[in-house]
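I am opening a notebook on a structure I have not looked at before. I will write down what I looked up, in the order I did so.

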Amino acid sequence: MEKTVFEIPKMDCPSEENLIRMKLDGISEIKNLEFDIANRKLTVYHTDKLEQIESSILELNLGGKRLQTGQSDKSEFEEQANQRKLLWVVLAINFAFFIIEIVFGLISKSMGLVADSLDMLADSLVYGISLFAVGGTLARKKKTATTAGYFQLILAVIGFAEVVRRFVGTEQMPDFSTMIIVSILALTANVICLFLLQKSKSKEAHMQASMIFTSNDVIINGGVILAGLLVKWLGTGLPDLIIGAIVFVIVIQGAIRILKLGK
């Protein structure tokens with residue numbers, strides 16, 4: 001048994017963890033994966049195929065780098081109890097807030113909220129792929145990932161095009177109060193999801209604060225809240241368009257990562 005440690009700088013939350021798990025799922029030589037999201041590290045226990053494992057991680061463009069490889073006498077690994085049930089809970093929370101944010105985003109004319117809703121949808125798709133592909137063939141997993149990736153990509157491109165249209169056309173003032181309130185609720189939902197996932201995979205009863213505040217999801221929520229405040233203070237919808245464009249680009253990048261799982 002060999003133990004290889006990877007540093008993955010862009011592994012900010014359990015969504016990236018699921019992407020990595022799905023990417024490595026077809027390599028039978030892998031016996032266990034241990035994720036340390038707080039320190040951006042992944043430990044892979046395997047018997048062979050180190051080059052394939054490394055190239056698969058690099059293909060996700062999460063900044064993966066192999067730190068060390070050595071022998072390990074570990075042969076038994078703890079199973080994560082209730083992991084499937086927990087994934088369903090997190091998927092439900094993310095999908096519910098996708099609906100909430102996109103509805104209120106359209107009502108309030110906020111592209112920041114619409115973009116953030118697609119970020120929630122992106123996480124839902126990742127968790128959904130993990131659940132529905134469990135026990136299925138590699139071909140089924142790839143087909144599911146491809147469908148989800150294209151769906152997310154199309155929505156994000158349409159959203160980005162709308163941002164451009166509003167930027168060059170007549171300015172539309174979003175409802176800043178709706179932006180702030182809904183984003184605070186979404187931020188709370190993201191923190192709850194992170195807490196549940198990390199608590200389940202740790203012997204500690206709490207989650208380290210660094211895991212929350214370095215999460216892309218939480219940063220995005222904070223960005224929409226800040227944009228709402230700037231809309232109020234500056235009397236212009238430009239901050240909403242800027243945060244919307246940034247988040248749409250992030251969602252497009254996420255869609256591309258999902259599509260790579262289908263190759």
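The entries below go from the whole chain to single residues.

**Entry 1: overall layout**

I note at the start that this is a predicted model. I counted the elements and found nine helices and four strands in the protein. Reading from the N terminus, I wrote their order as β-α-β-β-α-β-α-α-α-α-α-α-α.

I then looked up burial for the whole protein: buried residues make up 48% of its 263 residues. The accessible surface comes to about 12900 Å². Carbon and sulfur atoms account for 61% of that surface.

I also checked how far along the chain the contacts reach. Taking contacts between residues at least 6 apart in sequence, 77% join residues at least 24 apart.

**Entry 2: the sheet**

How are the four strands ordered in the sheet? I read the order as β2-β3-β1-β4, in an open sheet with antiparallel pairing. The edge strands are β2, residues 30–36, and β4, residues 65–71, and each of them pairs on one side only. From one strand to the next, the twist averages 15°.

I went through two of the pairings. Strand β1, residues 2–7, runs antiparallel to β4, and six bridges join the two. One position I looked up there is E2, whose bridge partner in β4 is Q71. Strands β2 and β3 also run antiparallel and are joined by six bridges. Here I noted that L33 stands opposite V44 in β3.

Next I looked for a helix against the sheet. Helix α2, residues 50–58, lies across β1, β2, β3 and β4. Its direction is at about 20° to β1.

**Entry 3: two residues with positive phi**

I looked for residues other than glycine with a positive phi and wrote down two. R40 has a phi near 55°. I placed R40 in the loop between β2 and β3, a hairpin with four residues between the strands. Is R40 buried or exposed? With a relative accessible area of 15%, R40 is buried, because the cut-off for buried is under 20%.

K109 is the other residue I noted, with a positive phi of about 60° although it is not a glycine. K109 lies in the loop between α3 and α4. Its relative accessible area is 41%, so I list K109 as partly exposed.

**Entry 4: nonpolar cores**

I looked up the largest nonpolar core, which has 33 residues. Which of its residues touch the most other members? They are L118, M120, I129, V163, V247, F248 and I258. Several helices supply at least two residues each to this core: α1, α3, α4, α5, α6, α8 and α9. The most comes from α4, which gives ten residues.

Another core, of 17 residues, lies apart from that one. Its members include F6, I27, L42 and L62. As background, I note that in soluble globular proteins nonpolar side chains tend to be buried together.

I followed one residue of the largest core further. Leaving out residues up to four places away in sequence, F248 touches M111, V114, A115, L118, A156, G159, F160 and V163.

**Entry 5: the aromatic pair**

How many aromatic pairs does the structure hold? I found one. The pair is formed by F95 and F98, with 5.6 Å from centre to centre. The angle between the planes is 45°, and the pair is tilted.

Why are these two residues about one helical turn apart? They are three residues apart in helix α3, so about one helical turn separates them.

I checked the burial of each partner. F95 is partly exposed, with a relative accessible area of 39%, whereas F98 counts as buried at 9% relative accessibility.

**Entry 6: a distance across the chain**

The last residue I looked up is A122, which lies in helix α4. At 9% relative accessibility, A122 counts as buried. I took the separation of its C-alpha atom from that of L153 and got 9.6 Å. Along the chain, A122 and L153 are 31 residues apart.

Conventions
Residues numbered from 1 in each chain as written. Predicted model: local features only at pLDDT ≥ 70, side-chain atom pairs only at ≥ 80, totals over all residues. Heavy atoms only, no water. Buried < 20%, exposed > 50% of the residue type's maximum accessible area, 1.4 Å probe, protein only. Contact = heavy atoms within 4.5 Å. Areas by Shrake-Rupley, 256 points an atom, 1.4 Å probe, with all protein chains shown as cover. Core = buried A, V, L, I, M, F, W, Y, C linked by side-chain atoms within 4.5 Å. Pairing = 2+ DSSP bridges. Axes fitted to C-alpha atoms, helices over the stretch in contact; angles between N-to-C directions. Phe/Tyr/Trp six-rings, centres within 6.5 Å; stacked < 30°, edge-to-face > 60°.
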